[in-house]
Amino acid sequence: MSTRILRGGEKVGNLYRFKCPNCGFEKEYRDGGGFFTKEYYDESKKLSSEFKSNIENGKYGLILKAMALADEKGELYYDCDTHLYQCTSCYALNVYRGKRVYRNGICNLTPKFDSNYELSAEIEQYCPVCSKGKIKRVDTQRVICPECKNELLNMLLHGKWD
Ligand SMILES: [Zn+2]
Ligand SMILES: [Zn+2]
């Protein structure tokens, strides 16, 4: 899974529409940058800089702290954008802001001469609905119905926003 960074940090977002073959649950979700508004952008920037300071202060452990402090050239990207997640315990399906750190692929040993960022770390987050389970970024082929919890949802639509 990679985040496409377009010019000036602008991103492509996803649009998903799911339907449950069992109970009829149907819902559309949008994540990422397709619905970029100034508020969304400002909030992302604010959260990203808070996330960076928390990492540098050691909130997420020594390894990440060392990685952040060693990043003198600013090659790390602190991603707090919205993505679709599902709880591993209550199966709540929602769009949340993630906490991921990417290293610019161009600076890696296996250079990718495009604008992709390689995933370096993701902070695990608890589900705000049940606060027991952890939320995992959705693999769109295997989304469990949040209503009846015993069927995989059919993806009716998957689009891109930019
Ligand atoms: Zn939950
Ligand atoms: Zn269902």
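**Exercise 1. Contacts along the chain**

Among contacts in the chain between residues at least 6 apart in sequence, what percentage join residues at least 24 apart?

*Solution.* This is a predicted model. Take the contacts between residues at least 6 apart in sequence. Of these, 59% join residues at least 24 apart.

**Exercise 2. Elements and burial**

List the elements of the chain, then give the share of buried residues.

*Solution.* Start with the elements. The chain has two helices and eleven strands. Read from the N terminus, the order is β-β-β-α-α-β-β-β-β-β-β-β-β. Now turn to burial. The chain has 162 residues, and 22% of them are buried.

**Exercise 3. Asn 22**

Place Asn 22 in the chain, classify its exposure and find its contacts.

*Solution.* Step one: locate the residue. Asn 22 sits in the loop between β2 (13-19) and β3 (26-31).

Step two: classify it. A residue is buried at 20 or more C-beta neighbours within 10 Å and exposed at 12 or fewer. Asn 22 has 14 inside 10 Å, so it counts as partly exposed.

Step three: find the contacts. Leaving out residues up to four places away in sequence, Asn 22 touches Cys 145, Cys 148, Asn 150 and Glu 151. Asn 150 is 128 residues from Asn 22 along the chain, yet their C-alpha atoms are separated by 8.2 Å.

**Exercise 4. A sheet**

Work out the strand order of the open sheet, its edges and one bridge.

*Solution.* Four strands make up the open sheet, ordered β6-β5-β10-β9, with antiparallel pairing. β6 (93-97) and β9 (125-126) are the edge strands, each pairing on one side only. Next, follow β6 to its partner. β5 (residues 82-87) pairs with β6 over five bridges, in the antiparallel sense. Gln 86 has Leu 93 in β6 as its bridge partner.

How values were computed. Residues numbered from 1 in each chain as written. Chains lettered and ligands numbered in written order. Predicted model: local features only at pLDDT ≥ 70, side-chain atom pairs only at ≥ 80, totals over all residues. Contact = placed C-beta atoms within 7 Å. Pairing = 2+ DSSP bridges.
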